[in-house]
Amino acid sequence: MRAQASLKKRMMGKDEMNLADFAIGMIGSDTEIKTIERSQVIKTSESRLEQSWLITGSAKWGLPQPSDDDVLLALFYLASEDQFRSQTVPFSRYGLCQVMGWSRCGKNYERVEEGLRRLSTVKIEARQSFFDGKSKKYVSRVFGLLDSYTLIECNKTENEDRSSARFSDVIWSSIEAEN
C-alpha cells in the first residue's frame with residue numbers, strides 16, 4: 001500500500017502545456033531526420049487558427065528521442081519538488097534515473113547525458129501556437145528547451161545533486177505564468 005501511495009504522489013504534477021500540445025521528438029530512432037513539422041488547426045473564439053511547430057535538432061545529436069522526454073519530465077518533476085524556485089535544476093544522474101524508474105547504471109547515465117545534449121540543442125519555431133500565459137494569446141516564437149547543463153562526475157558512493165540543467169528563458173517564463 002505504501003508503494004502505491006509513493007507511486008501516486010510521484011505521478012502527480014503539472015505539465016508545460018505548450019510541450020504537451022506538440023510532441024518535440026521522434027518516435028523511433030531515425031537519426032537521419034533532423035527536422036520535423038507538426039501542425040493542427042484549432043477553433044478560437046474569433047476564428048480558426050492554423051498552428052505549426054518546426055522542430056530542428058542539431059546536425060550532430062539530432063532530434064529528441066522518446067527517452068529524452070523522460071529526462072525533460074524528470075527535470076520538471078525535480079523543479080516542481082522545489083516549488084519552481086529556480087530556473088536551474090540541480091540533480092545527480094543517479095537521482096534522475098531513480099525519478100524515471102530507470103536502473104542506476106552506466107548505460108542509463110549515458111542515456112541521460114545524450115538526452116541533455118539533444119534537449120539543449122533542439123530549436124523550436126512555434127507559429128501561432130505558443131500560448132503566452134501573460135497575454136493569454138497564441139503567439140509565434142522561436143526557442144530552445146534547455147539553455148545549458150553541467151554534469152559533475154560523482155564516485156560510486158556519492159548521490160549528490162551537483163549537476164544541473166537550466167531551462168530556457170522562454171520555457172521558464174511559461175512555467176512562471178503557470179501555463
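Which residue's side chain meets that of E113 in a salt bridge? The tour returns to this pair after the sheet.

The structure is a predicted model, in which local features need pLDDT of at least 70 and side-chain atom pairs count only at pLDDT 80 or more, while totals for chains, interfaces and linings use all residues. Residues are numbered from 1 along each chain as its sequence is written, and side-chain values use heavy atoms, without hydrogens and water.

**The sheet.** Select β3, β7 and β6, strands being DSSP E runs of at least two residues, and helices H or I runs of at least four, numbered from the N terminus. In that order they form an open, antiparallel sheet; strands pair if DSSP finds at least two bridges between them. The edge strands are β3 (88–91) and β6 (146–150). Next, select T88, which stands opposite R166 in β7.

**The helix.** Add helix α3 (residues 66–81), which packs on the sheet and touches β3, β6 and β7; contact means heavy atoms within 4.5 Å.

**The salt bridges.** Now select E113 with its partner, R93: their salt bridge spans 3.5 Å, N to O. The term requires a side-chain nitrogen of Lys or Arg within 4 Å of a carboxyl oxygen of Asp or Glu. E113 belongs to helix α5 and R93 to helix α4 (residues 93–100), 20 residues apart.

Finally, select R127. Its closest N and O atoms with E37 are 3.1 Å apart in a salt bridge, and R127 also forms a salt bridge with E125 (3.1 Å, N to O). Shared partners join E37, E125 and R127 into one network.

Technical notes
Axes fitted to C-alpha atoms, helices over the stretch in contact; angles between N-to-C directions.
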